[in-house]
4 protein chains.
Amino acid sequence: MELMKLAIKKLEDRGVTIEDIAEVTLFLQEQYIEGLNLEECTKAVMQVMEKRETINAVLTGIAIDEVAEKGLIDKEVCDLITEDASLYGIDEILALSIVNVHGSIALTNFGYSDKLKPGIVKVIDNMGKEKVRCTTFLDDLISAIAASAASRLAHYGVDEYK
Amino acid sequence: MELMKLAIKKLEDRGVTIEDIAEVTLFLQEQYIEGLNLEECTKAVMQVMEKRETINAVLTGIAIDEVAEKGLIDKEVCDLITEDASLYGIDEILALSIVNVHGSIALTNFGYSDKLKPGIVKVIDNMGKEKVRCTTFLDDLISAIAASAASRLAHYGVDEYK
Amino acid sequence: MELMKLAIKKLEDRGVTIEDIAEVTLFLQEQYIEGLNLEECTKAVMQVMEKRETINAVLTGIAIDEVAEKGLIDKEVCDLITEDASLYGIDEILALSIVNVHGSIALTNFGYSDKLKPGIVKVIDNMGKEKVRCTTFLDDLISAIAASAASRLAHYGVDEYK
Amino acid sequence: MELMKLAIKKLEDRGVTIEDIAEVTLFLQEQYIEGLNLEECTKAVMQVMEKRETINAVLTGIAIDEVAEKGLIDKEVCDLITEDASLYGIDEILALSIVNVHGSIALTNFGYSDKLKPGIVKVIDNMGKEKVRCTTFLDDLISAIAASAASRLAHYGVDEYK
């Protein structure tokens, strides 16, 4: 539980709140569930956050972003990560750790969010592009958590989250 | 090579040409590669079709659609497949067989195409919804092949396909 | 719940009991949990069986084995499946549907069981090799369920299953 | 190509040569290919090393091991990684980046090698256990590369590597 709090704090330190992620979930799922609201999405996001796979992926991914940003690793590897060339690919793989345990709906929603970059995903992606921060792993983590919460809503129904 | 021809023929029998799939690839990739045309996309799609993983997935997926359509398997399983409830999920998993061997770009494009249903994907999906045919596996196969061809274009560059 | 019962019945019809699968789980996990017994493994296997991903994969995989066995699909595809050449690969992919939702421990145990073929996995694999039945998908399904139950035991501890 | 050389150098700096990995491949594949020798396995390993997915995974995974070893990241995350609890799981996910592009045979061999720890995999795993170095990601990278080379040998035949 302590590690979950740390994961949420690290997300906030990097500019991402649970509510920001819930808004992405709402965007992904509102066309399928009539009347779905942000509060229900927030609860679903929190259930995704409780999972060990999510906590480990968030803590590891943000740690890589941070050491790349600070230049604490070999310059070539730093460049590889901070440039986030479309062919780097390790960021999407790490996010799979979260997505896989939430089934096929999480997987397709992850791909969709990763390409479309709704809400906070775009904000974070731009921070990376403008070299404000290294956000290579962060934007994929957000898409993965939001997509997994969308999958939970689809599987268990919104009544679970009222 | 004989099996590849059979896979292409089966796709055509179910209403999908290589060019239809290439159009989805063009849709997915044209914003990243200036001047990308349908011929280049068609060549990339053909390279995806040559892969054993693609051939096996296409032949198996279409075989399941066919036996479900004809009622040759247990009624409960038939219903499960023909209804293609969003929670079935085996169709997306089978498509991963094609997508995985083409890397992260293929994966995210697959999710994107599966949600957005551009061109022939929508046509085939509608055929399934209107119970004209069972197309549960077919639409995911199309998205997977198109997304993998998009990934090839991103990895190897369009010059490879001129 | 009806579909879970059907999935268990189909496994039994093909020669596989829940206890057979629990024995594979016991083999995979007994070195890590002192005093682990078959009853606890059986309970863990039953929890894996309750998951929609497991039910759908079992029902679909066995349906393919059956139609291939009966020759109800194109001869070339039938041959592809019944021969279960090491390069076919769709059987392992389908099993991933079960394994993925149970995390990394399930994944590595699946690979291990698929190569080593402990207990019932070997029995079923031999049935396929001797052409008694088509068991191409069945042996991978067993490994996937057993490995996922092993992962549950590792994650939640054996006390959950006493 | 420069990055491939760097990846090989980083592996060597951490105590792993290409030949060490080729020995794992030989162990995995010799029962299936009569007369398979270390030279052929070495060539197959080198082809896996050339892939962008491998290079990126190796450089990223070793970078994480290094920063965790040096304590350059948050203590809680450091502990999470250096302890390499069986439930951490991100190391196996990163290795999937290599394994996935090489198909199903690579996947099952990866799980097998990860559990059995043949040759250098055990040596490196022990280094981690004895806290000589942080090797959490390194042992999975080795299993993934060796398993992918085994898959190449199975797919393309040994003649390709003579």
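Me: Let's start with a helix. Which are the buried residues of H6(B)?

Reply: Bear in mind that this is a predicted model. A residue goes down as buried when its relative accessible area is under 20%. In H6(B), that list runs Ile90(B), Asp91(B), Glu92(B), Ile93(B), Leu94(B), Ala95(B), Leu96(B), Ser97(B), Ile98(B), Val99(B) and Asn100(B).

Me: And why is helix H6 of chain B described as largely enclosed?

Reply: Just compare the buried residues with the length of the helix. For H6 of chain B, residues 90-100, 11 of the 11 residues are buried, so the rest of the structure largely encloses this helix.

Me: On to symmetry. What turn and shift lay chain C on chain A?

Reply: The idea is to superpose the copies on their C-alpha atoms and read off the movement. Here a turn of 180° with a shift of 0.0 Å along the axis lays chain C on chain A, and the RMSD is 0.0 Å. The two copies are thus related as by a two-fold rotation axis. Within chain C, Val101(C) has the C-alpha nearest that axis, 1.8 Å away.

Me: Why do we say that chains C and A meet through the same surface?

Reply: You check whether the interface residues of one copy turn up again in the other. For chain C, 100% of the interface residues are also interface residues in chain A, so the copies meet through the same surface.

Me: What about chain D: which of its residues comes closest to the rotation axis?

Reply: First the superposition: chain D goes onto chain A with an RMSD of 0.0 Å, by a turn of 180° and a shift of 0.0 Å along the axis. The residue of chain D closest to the rotation axis is Leu94(D), with its C-alpha at 3.1 Å. Both copies use the same surface here too, as 100% of the contact residues of chain D recur in chain A.

Me: How many residues of chain D are in contact with chain A?

Reply: Contact is judged on heavy atoms within 4.5 Å. By that test, 26 residues of chain D touch 26 residues of chain A. Together the two chains bury about 2300 Å², with 74% of it on carbon and sulfur atoms.

Me: How many salt bridges are there between chain D and chain A?

Reply: Look for a Lys or Arg side-chain nitrogen within 4 Å of an Asp or Glu carboxyl oxygen. There are two between chain D and chain A. Lys10(A) pairs with Asp74(D) in a salt bridge, and their closest N and O atoms are 2.5 Å apart. Polar contacts between these chains come to eight residue pairs.

Me: Which helix gives the most to the side of chain D that touches chain A?

Reply: Helices H1, H4, H5 and H6 of chain D each supply at least two residues, but H4(D) gives the most, with nine. That side of chain D divides into 17 nonpolar, four polar and five charged residues.

Note on methods. Residues are numbered from 1 along each chain as its sequence is written. Chains are lettered from A and ligands numbered from 1 in the order in which they are written. This is a predicted model: local features need pLDDT of at least 70, side-chain atom pairs count only at pLDDT 80 or more; totals for chains, interfaces and linings use all residues. Side-chain values use heavy atoms; hydrogens and water are left out. Copies are superposed by least squares on the C-alpha atoms of residues with pLDDT of at least 70 in both. Buried area is the accessible area (1.4 Å probe) that two parts lose on being put together, summed over both. A polar contact is a pair of N or O atoms within 3.5 Å; within protein, one must be able to donate a hydrogen and the other to accept it, and residues adjacent in sequence count only if both atoms are side-chain atoms. Helices (H or I, at least four residues) and strands (E, at least two) are DSSP runs, numbered from the N terminus. Ala, Val, Leu, Ile, Met, Phe, Trp, Tyr, Cys and Pro count as nonpolar, Asp, Glu, Lys and Arg as charged, and the others, Gly among them, as polar. Buried means under 20% relative accessible area, exposed over 50%, partly exposed in between (1.4 Å probe, protein chains only).
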